[in-house]
Amino acid sequence: MHLHPKKTLLFFAILMRLVLQTHAQKLNFEQFNVEDGIIASEIYNLHQDTKGYIWAFTANGIIKHNGLKFIPVCTNIPYDQSSVYVVRESNDGAMFIANSKAQLFQIRNDSAFLIKGLKETSNKILSENDVMFDMIVVDSSEIYFTTYKRSYKLYKNKVYSLSNFSDPKGNLVIYKKINKKYFPIRSHLFLKKPSISRILTDRDSSLSIITTPFSSARYVRNVVREFQNTIYLLDNHHLFKIDKYGN
């Protein structure tokens with residue numbers, strides 16, 4: 001297609017104006033406060049679900065932005081069970097939360113329903129002054145979760161300890177590939193030593209072993225990411241880059 005010179009000039013003038021307008025645009029931030037439905041100044045988690053809704057897990061309960069305002073949700077559970085430390089979704093968009101009582105819930109229709117089979121494990125976690133730190137959800141029947149001290153698998157309402165995977169000396173953290181994400185399997189001992197991190201593929205073959213100078217790697221959530229055949233391991237002090245050959 002050939003444009004007339006005047007039309008060509010007009011076309012580029014319009015194009016340049018659009019480019020300048022795009023560069024002139026600024027990010028707009030909107031502040032929400034109590035008048036907008038925020039029920040607490042302390043927020044433990046923010047989460048945008050697969051449908052686009054924003055969830056805020058606060059010190060005074062759980063709220064959800066419905067497109068117009070924040071409204072209280074999950075009001076069917078007691079107030080002291082609504083302090084949420086971890087929120088995750090499965091591949092099919094089902095949402096799961098872990099609270100300060102070491103309990104797991106599935107959220108359906110803006111209500112929270114307790115996952116069964118965890119009572120004994122929850123009591124053990126609380127007795128050790130431990131908390132649920134992170135989790136990976138495969139589906140409602142298979143959930144991997146970890147505390148500061150141990151890692152577990154909940155399968156068909158039965159809990160399995162995963163500490164037998166780790167080093168008995170307590171200085172090894174294994175990152176096992178589950179559902180396209182990496183789950184930290186922590187030692188049953190909690191020693192403040194430099195961590196040895198072993199990264200496994202989805203077939204449990206060892207991809208790489210990295211000695212991190214600090215034990216803090218076990219404190220960081222979701223420390224392993226895979227992007228374009230490269231794996232990144234993060235602790236509180238360093239970022240490690242690993243190629244597909246484990247180097």
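**A guided tour of the predicted model**

Begin by selecting Arg-225, which stands opposite Tyr-232 in S18. Before proceeding, please note that the structure on display is a predicted model.

**The sheet S17-S18-S19**

Extend the selection from this pair of residues to strands S17 and S18. S18 covers residues 230-234, and four bridges join S17 to S18 in an antiparallel arrangement. Add S19 to complete the view: the three strands form an open sheet in the order S17-S18-S19, with antiparallel pairing. S17 and S19 (239-242) are the edge strands, each of them pairing on one side only. Viewed along the sheet, neighbouring strands are turned against each other by 20° on average, direction ignored.

**From S17 to S13**

Remain on S17 and select Glu-226 together with Lys-177; their side chains meet in a salt bridge, at 3.2 Å from N to O. This pair links distant parts of the chain, for Glu-226 lies in strand S17 (residues 224-227) and Lys-177 in strand S13 (residues 172-178), 49 residues apart. Is each partner buried or partly exposed? Glu-226 has 39% relative accessibility and therefore counts as partly exposed. Lys-177, with a relative accessible area of 22%, is partly exposed.

**Two further salt bridges**

How many salt bridges does the model contain by the rule applied here? The count comes to five. Select next Asp-134 and Arg-88, which form a salt bridge whose closest N and O atoms are 2.8 Å apart. The two residues belong to distant parts of the chain: Asp-134 is in strand S9 (residues 132-139) and Arg-88 is in strand S5 (residues 84-89), with their positions 46 residues apart. Asp-134 is buried, because its relative accessible area is 3%. Arg-88 likewise counts as buried, at 18% relative accessibility, since the limit for this class is under 20%.

Move on to Glu-128 and Arg-150, where the side chains meet in a salt bridge of 2.5 Å, N to O. Here both partners are in loops: Glu-128 lies between H2 and S9, while Arg-150 lies between strand S10 (142-147) and strand S11 (151-155). These positions are 22 residues apart, and the pair again links distant parts of the chain. The relative accessible area of Glu-128 is 23%, so this residue is partly exposed. Arg-150, by contrast, is buried, with a relative accessible area of 17%.

**Helix H2 and Thr-121**

From the loop that holds Glu-128, step back to helix H2, which spans residues 119-127, and select Thr-121 within this helix. Thr-121 counts as buried because its relative accessibility is 12%. Which residues does Thr-121 touch, not counting those up to four places away in sequence? Display Phe-145, Tyr-152 and Val-159 to see these contacts.

**A nonpolar patch on the surface**

For the final stop, switch to a surface representation and select Ile-43, Leu-46 and Ile-54. These residues form a nonpolar patch on the surface, and their accessible area together is about 250 Å². Ile-43 has its place in strand S1, which covers residues 43-48. At 36% relative accessibility, Ile-43 counts as partly exposed, and this residue therefore passes the patch criterion of over 30% relative accessible area.

How values were computed. Residues are numbered from 1 along each chain as its sequence is written. This is a predicted model: local features need pLDDT of at least 70, side-chain atom pairs count only at pLDDT 80 or more; totals for chains, interfaces and linings use all residues. Side-chain values use heavy atoms; hydrogens and water are left out. Patches are made of residues with over 30% relative accessible area and no salt bridge: like charges are joined within 9 Å, nonpolar side chains (Val, Leu, Ile, Met, Phe, Trp, Tyr) within 5 Å. Accessible areas come from the Shrake-Rupley method with a 1.4 Å probe; for residues, only the protein chains shown count as cover. A salt bridge is a side-chain nitrogen of Lys or Arg within 4 Å of a carboxyl oxygen of Asp or Glu. Buried means under 20% relative accessible area, exposed over 50%, partly exposed in between (1.4 Å probe, protein chains only). Contact means heavy atoms within 4.5 Å. Two strands pair if DSSP finds at least two bridges between them. Axes are lines fitted to C-alpha atoms, for helices over the stretch in contact, and angles run from 0 to 180 degrees between N-to-C directions.
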